[in-house]
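Me: I have a new model open on my screen and would like to walk through it with you. Shall we take it piece by piece?

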Amino acid sequence: MAEFAAAVKKNKWPEKISATLIGSCTNSSYQDMDRCADLVKQAKEAGLKCTVPFLVTPGSEQIRATIARDGQIDTFEAAGATVLANACGPCIGQWDRQDVPMGTPNSIVTSYNRNFSKRNDGNPATHCFVTSPELTTMMAIAGSLSFNPMTDSLKTPSGGEFRFKPPFGNELPKSFDAGENTFQAPPKDGSSVQVVVSPTSDRLQLLSPFNKWDGKDIRARVLIKAKGKCTTDHISMAGPWLKYRGHLDNISNNMLIGAVNAENEKVNSVFNALDGSYGAVPDVARAYKAKGIKWVVVGDENYGEGSSREHAALEPRHLGGVAIIVKSFARIHETNLKKQGMLPLTFTNPADYDQIGSRDEVEIVGLSSFAPGKQLTLRVHKADGKTVDLKVNHTFNEGQIAWFKAGSALNGMAEGAKRS
Ligand code: SF4
């Protein structure tokens, strides 16, 4: 903690905390909540309350109902906390933050498990510090990044000194309250059920099945060669975009808009081979799709790390992407791509990343004998007419190859249901 306080000063991070947040799916067990409530009680007994906004997101309906019954929610609210719905909430950017204008440097402390830039409130100037729920709670009372609960005390309203004691929380409640049951059982025979979606809705859209593989090797343009970290937030940004999660075409307008183009080091600016201009990534992808031109993404290490956001795989597929070729993948994203009928491929030699340019075309050769453990060839057609053959690996098993051939896992399942 002492080193952290020194780093705050050295880096000129805003010392005054603007918000503290605990909960979401991570660090939100009964014990976490009970220990945090214990800290809040200690402070309350000394006459102290939260000095900065303290947002609590219960991890599930069961936790919400149980801590409502057992009093922890009352304890938090009495200290000035706001208890949010039991959902991802600000962890995924569902935070309509009004108190800090966009672009204003500020520090928040959370016990969520992600801290990418703009992740929680969409503000690139927000510094997000991730720590335990207990430390976050103490920071909600202290309000300063420099506060060290091991050594520092807080002034009480009566002029005394208050120091936190180690928190205690029950590991489990006496019993869990399952909470509100919102499950609606489907009808036994669903054959006459119609899902009606307004064609003018900009929030909801029925999914159309993706096209099946046509049985041929694939030739495609490089849409973007992404440089450095490319998380699912770079591929499909959260925040205000989340309202379009039910509308694939609309949310696809955020596809890769956060990724850095290795060619010009810019975000959301890629070469359009149709007219030689530079455009936004989704716009160029749509232009290619309209002309029937397939495209691929080239990426760096650990491509697709972050929340397992299905849209980060659905969007490239929807806009005409066929393969993502990278040095290495985050495992869940790699599987998500397979489910949507995309080809996640890795360079056998990671240095081959340097052999592909942003203006090249590639051919994926060997798909007619696509098999588990068998490498494919990536034939790179350079802008100057030369070609380079690179070996690429994949991790498809037989079942996943069937998804690719069917166009997606859903297509494959639908085909299976028809056969049975
Ligand atoms: S966004 Fe991901 S990490 Fe955050 S609460 Fe939701 S599921 Fe958990």
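Me: Happy to start at the beginning of the chain. Which residue with a positive phi follows helix 1?

Reply: Keep in mind that this is a predicted model. Helix 1 covers residues 2-10 and is hardly covered, with a count of zero buried residues among its nine. The residue with a positive phi, near 55°, that follows helix 1 is Lys12.

Me: Thanks! How far apart do the C-alpha centres of domain 1 and domain 2 lie?

Reply: The chain is divided into domain 1, residues 2-162, and domain 2, residues 218-419. Eight residues of domain 1 are in contact with eight of domain 2. On the domain 1 side that touches domain 2, the residues are two nonpolar, three polar and three charged. The C-alpha centres of the two domains lie apart by 38 Å.

Me: What about the ligand: how many residues of the shell around it are charged?

Reply: Around the ligand sit Ser24, Cys25, Thr26, Cys88, Cys91, Ile92, Tyr112, Asn113, Arg114 and Ser307. This shell divides into five nonpolar residues and four polar ones, and the number of charged residues is one.

Me: Now the open sheet of five strands. Which strands stand at its edges?

Reply: The strand order is 3-2-1-4-5, with parallel pairing. Strand 4 (residues 106-110), for instance, is joined to strand 5 by five bridges, and Val109 stands opposite Phe129 in strand 5. Two strands have a single partner each, so one side of each is left without a neighbour in the sheet, and these edge strands are strand 3 (82-83) and strand 5 (126-130).

Me: Strand 15 caught my eye too. Which of its side chains point to one face and are buried?

Reply: In a regular strand, side chains alternate between the two faces of the sheet. Strand 15 (residues 376-381) shows this alternation, with Thr377, Arg379 and His381 pointing to the face where they are not buried. The buried side chains on the other face are Leu376, Leu378 and Val380.

Me: And which residue in strand 16 stands opposite Leu378?

Reply: Strand 15 runs antiparallel to strand 16 (residues 387-393), and six bridges join them. Their hairpin has five residues between the strands, where Gly385 takes a positive phi near 95°. Opposite Leu378 stands Leu390.

Me: One last thing: how many residues are in the largest nonpolar core?

Reply: Ile325 is among the residues that touch the most other members of this core. Leaving aside neighbours within four places in sequence, Ile325 is in contact with Val296, Val298, Leu345, Phe347, Leu378 and Val392. Another core, of 40 residues, lies apart and includes Ala37 and Met139. The number of residues in the largest core is 50.

Conventions
Residues numbered from 1 in each chain as written. Predicted model: local features only at pLDDT ≥ 70, side-chain atom pairs only at ≥ 80, totals over all residues. Domains from an automatic or database assignment. Contact = placed C-beta atoms within 7 Å. Nonpolar A, V, L, I, M, F, W, Y, C, P; charged D, E, K, R; others polar. Near = placed C-beta within 6 Å. Core = buried A, V, L, I, M, F, W, Y, C linked by C-beta atoms within 7 Å. Buried ≥ 20, exposed ≤ 12 C-beta atoms within 10 Å, placed from the backbone. Helix = DSSP H or I, 4+ residues; strand = E, 2+ residues; numbered from the N terminus. Pairing = 2+ DSSP bridges.
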